[in-house]
Structures are given as C-alpha cells and as structure tokens.
Amino acid sequence: MRNRFITRVTVAAVATCIATAVALVTAQTPGYRAPRDKDGKPNLNGIWQAINSANYDIEAHSAAPSPVLELGAAGAVPAGLGVIEGGTLPYNPEALKKRNENRANRLKLDPEIKCYLPGVPRATYMPYPFQIIQSQKHIMLVHEYAGAVRTIYMADQTEAPADSWMGWSNGRWEGETLVVDTKGFNDLSWFDRSGNFHSDALHVVERFTARSADTLNYEVTVEDPKVFTRPWKMSMPLYRRVEANAQILEFRCVEFVEDLLYGHLRKQPSQ
Amino acid sequence: MNRRSLVSIGALVLGVGVLSASLVAQQVATPLAKPAPAAKAAAPTGKPYTPPTTPDGQPDLQGFWTNSTYVPLERPQGVTKEYYTPAEAEAAINAAADREAEQTEPGTTADVHYDFSQFGLDRSQSKFAASLRTSLIIDPPDGKMPPVNAQGQKRAADRAAARKQAGGQYDSVQNMPIGSRCIIMGGSGPPMMNAGYNANYQIVQAPGYVMILTEMIHDARIIPLDNRAQASQGVRQWTGLSRGRWEGNTLVVETTNFNGKNPFRGASENLKVTERFTRTADDMIDYKFTVEDPATWDRAWTAEAPLAKTDGPIFEFACHETNYGIPNILAGARAEEKAKAEQAKKGSN
C-alpha cells in the first residue's frame, strides 16, 4: 500500500517534470561548455536557424488550411506545440480583442506579408537563417529575411536613441550565456503570422546559450505592460546550418511586394 | 547651410592635413596609378603603418567609416593632373559645397526639394575623406572610365528601349528608380561608392568573416574568408556574391554573380569587382576597386575611394517600411491623369 502510494506520487512528479520539460524543451544540456573565442568568451559564431512552426503561431495550434486558396497544401499551416511557457499568452482583455482582429485580417495586416522588418524575437524564428558575427565591442545578428540587421552593443552601451523595428540591443555575458536586453521598439512588428503583437513598451531579454556544438538554447522573456498582464517566456533550440558552403543569401523582398502594395496605383490602360 | 562656414570647414579640413601632414599629405604620399601594396602606403613618419589585429589575428578594420568625398569618379573636363595643390583642392570643394548650399537656401534655386543642411545632404557638415586627387579613377591614368565597347553600347540601347517600352517613370512603381523603391542604394556596391549622403559603414570581424554594414537600407555584406569556391551562377544577387582573403595586411574581395538589375555604370551581369582594403592609419582605410567586364569595357579600370574613420553608431535605416514617397507620387500621377481626362471631356462638350 505504502509502496503503491509512493509509486503514484513518483508518477505524478515525473509527469509534472515531463510537462515542464515540454514547456522548456530546450533546457540547457547540463555542463556543456562552448568552445572559447580567442578572447575567452563562448564562441557563438555561426549560421543558425529555428526549426519549428512558431512563425505561424507562437501558441499551440492545429494544422490549418492556407489563407490563400490558390496555394492549397503548399500554403497550409503546419501544427505546432507552441513555444510559450504555460501555453497561452497573458493578454489583457482589450489586447486580446486586438490580437483576434489582427488574426482575422492577417493577410492585410501581417508586416511579413509587406516585407517589413520582422522585429524581435520574431526575426530569430522566421524560416530563414541568420548569422551571428561575434566581435568584442559589437555582436551582429544578420538575418536573411529582408536583410534585417541587429547590432548588439557589448561596449558603448546607451539607452535606445529612438524607436525602431529591431529595437536597441545591449548585451552582456553571464557565464555561458549571451544576454541581450532590447528596448526602443516601435509598435509595428508582430510575433507571428497569427496576429500576436506588442506595443512600443515592449522589453525583450534574450538568452543565447550553446547546448551542444551545433545547437543553441534560445530563451526569451517578454514584458509589455500595455498588452500583457505579466511577463512571459518562450524558448526553443536553434540549429547550426552545418553545410560547408552555408551562407546568408539575399532575400531582398521589397520588389516581391511592390505590386501587392502599389499595384492599385499603376497607370490603367487608356480606354 | 551658410556659405561662410563652408569655407571655414573646407579650410580647416585641408589646413589640418597640410600642417600636420596627416590626412591630405598621406593621400599625396600614396603611390600613384598602380595598386599600392600596404607597406607602401606610408604613414606621415615614413615608417610603414602596422594595423592592430583582432584576437584571431586578422588585421583589424573594425569601426565606423565613411567614403563621403568631394572627389568625382572621373577627372573633370579640362583638368589634366592627378593631384590638385591644397589651394586648388579647397577651391574645388568649395565650388561643390556651393552647389549643395544652393539647394538649401530658399530662393537660390527654383525648386528646393530638400533642405540639405537638415537631411545630411550637405556633405561638408559631416566627415568626409579629404584627398587631393582630381578623380577617384586612378587607372586608366587619364582618370576617366574606358570607352564603352560595341557590346556595351548595344546593351545600353536595349536597356533604354526596354525602359521606353515600360512607359513613363510614374506609370508604375517598377519604372521608378531602385533607390526610391528602397531596394538598394549606391553605397552598398560592390564597389562601394559614396552615396551622396549617409555614406556610412560599420565593419565587424569574426573568425573567418568580415561583415560590412552599409547604413543605407541596412545592407550587410558578409564576406567569407575560407577560400570557398564561388557559388553556382544559378544564384545571382543585387550585391553579387563576395569571396575574400587576406594578402598580408590587405583584404582582397572578389565579387561576381550579380543579377544585372542594378548595373554599375552600365556593366553586364557578368561584372567582376575586386576590392582591396588596407588600413593605412588609425583613421583611414585605403580602398581600391577594380572593375572587369569585357562585355562592357575592353580593359579593366581601377578607382581609389578611401574610407575615413567616423563616429558611430549607425541607426536603423527602415526605408521601405515608411516609403510614403512611392504611393504618394503614383497617386499624384493618377490624380493628374484623371483631372486631365475630365478637362478634355469638358472641353469636347
């Protein structure tokens, strides 16, 4: 009897552990120590990419049809377990209403469709690679999508001088982890294609930690008191693009959206 | 921008160069037409400059740089020498600065489009690379681009015909200039040419890579240094594909695989650009580029467009995201057509 009870408790505890593990799938491999750069810092240089469906929806979601009829299965939405700790975003009621409106009108409103800069953290888990170029004073994150660029100031740190799409990032090392603190956002970027959004009060803290030679642990804390009732976290692994010839290529998408944005202003054939 | 302060800025920049034999004198000291090895780009003391190195041992080119300059690509009509005297250079800068000032002061030209002093269009207000050179082109020795060959002339005519076929500039967004459309601006290159304004760059190096961020439209060019083979001709880009290597203290970058949609000086998509970056002082990178395209010019040509150290940081240049110009111009053109059509209709009644 007593033994059985213990077993049941253990099962429950294990189940809780598994649930937590699912929420934080990328928990750092204990004890992994990244190779050092010549200056002694963990070397995070490389070309990285997320492999998940967070760009469709950072919350858990089922597979869904393409919002564009002609694209059929090619434009359909793959399901995802979600990357949010706790599963659901803590919107305040007004913001939740706006998220739902965004979602209903996403073909008109999603900044990605217009080739606008992706914002943070969305840039990191879009289905395009990005490269970390790690130097001492500055660490650059160069994204293939729209050629978006972030400068992480490891030295000469200041407050954000103005609001911007990609924000103003100051970084620091905490042991194995590169911690990037970003503020100074405008309120125009989204978190995904499902209308999840933020305001200009967004504050993002990202933690990049090597978890093996070819994977990083990416953890993000998001604060935005105008939109969310409390800070929330997301996490995911990032994978190294290990192809010998891997490189960031151009995805200069402006010309791909010009007819979408300005086609109605084209000169009409004279009647 | 007032004229008097322009003179003093010009005089100051040149004065500093002459008196301390730093910037300007150094340009003079740089050897002439043939590409100069790093060691010969002598520092004022006459000793070769040794650039600092990054922790992984690369010569350190990092920091914020500008290639803003008053030196024209081609030697002006009537000028036959390679270098101005300091007095002549000052006069040339002041004449150019005067033309910019004209665009600024209300009433000096019929159409003041921008206030140059407000939007950084007045180059004299920012750091620029002072030089006594009369042209950026150093080879051919006459300072002019070689003549365009028959194949190049035919391509230019074909392109002009295609533009004519596509209609007026304001008929559709695709007929408008690539820069106005926020696709790419002149500074990105390669070759990196001064873009007229915001001619700022940031260089960051990591083991195996040099990254050059162009301020205009946040263009980051990542140059691998691992001697990898050039990519298949099947992948072509606005800025081509660059491959780099260190030759002593000189970063040599070769770029091909252009898409031909933003042809540099009328070049074909088979253009090859070879750039050479050599840090010759704490505040100066000697930058030379050689352009080869037998489908356009019968000979290669080379220019020198130094990068001068400037202050950071570089801010986000979100060009496309707030490109109100395109829809407003196109809407204006459509409104004008509509008004004309209505007037014509009225007239015929």
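I will go through the confidence of this predicted model, then the contact between chains A and B, and finally one residue, Asn170(A).

Let me begin with confidence, where chain A has an average pLDDT of 91, and 88% of its residues reach a score of at least 70. The exception I would like you to keep in mind is the stretch of residues 1-28 of chain A, where pLDDT stays under 50, and for which the model has 15 contacts beyond four places in sequence.

Turning to the two chains, 35 residues of chain A are in contact with 39 residues of chain B. On the chain A side, the elements that contribute two or more residues are the strands E2 (130-134), E3 (138-143) and E4 (149-153), together with helix H5 (254-262). Of these, H5(A) gives the most, with four residues. If we look at the character of that side of chain A, its residues divide into 16 nonpolar, ten polar and nine charged.

Now to the single residue, Asn170(A), which sits in strand E5 of chain A, spanning residues 168-174. Is Asn170(A) buried or exposed? Neither label quite applies, because Asn170(A) has 18 C-beta neighbours inside 10 Å, and so counts as partly exposed, given that a buried residue needs 20 or more and an exposed one has 12 or fewer. Leaving aside residues up to four places away in sequence, Asn170(A) touches Tyr153(A), Gln157(A) and Asp181(A). As for Ala160(A), which is ten residues from Asn170(A) in sequence, the C-alpha to C-alpha distance between the two is 9.3 Å.

Technical notes: Residues numbered from 1 in each chain as written. Chains lettered and ligands numbered in written order. Predicted model: local features only at pLDDT ≥ 70, side-chain atom pairs only at ≥ 80, totals over all residues. Contact = placed C-beta atoms within 7 Å. pLDDT = per-residue confidence, 0-100. Nonpolar A, V, L, I, M, F, W, Y, C, P; charged D, E, K, R; others polar.
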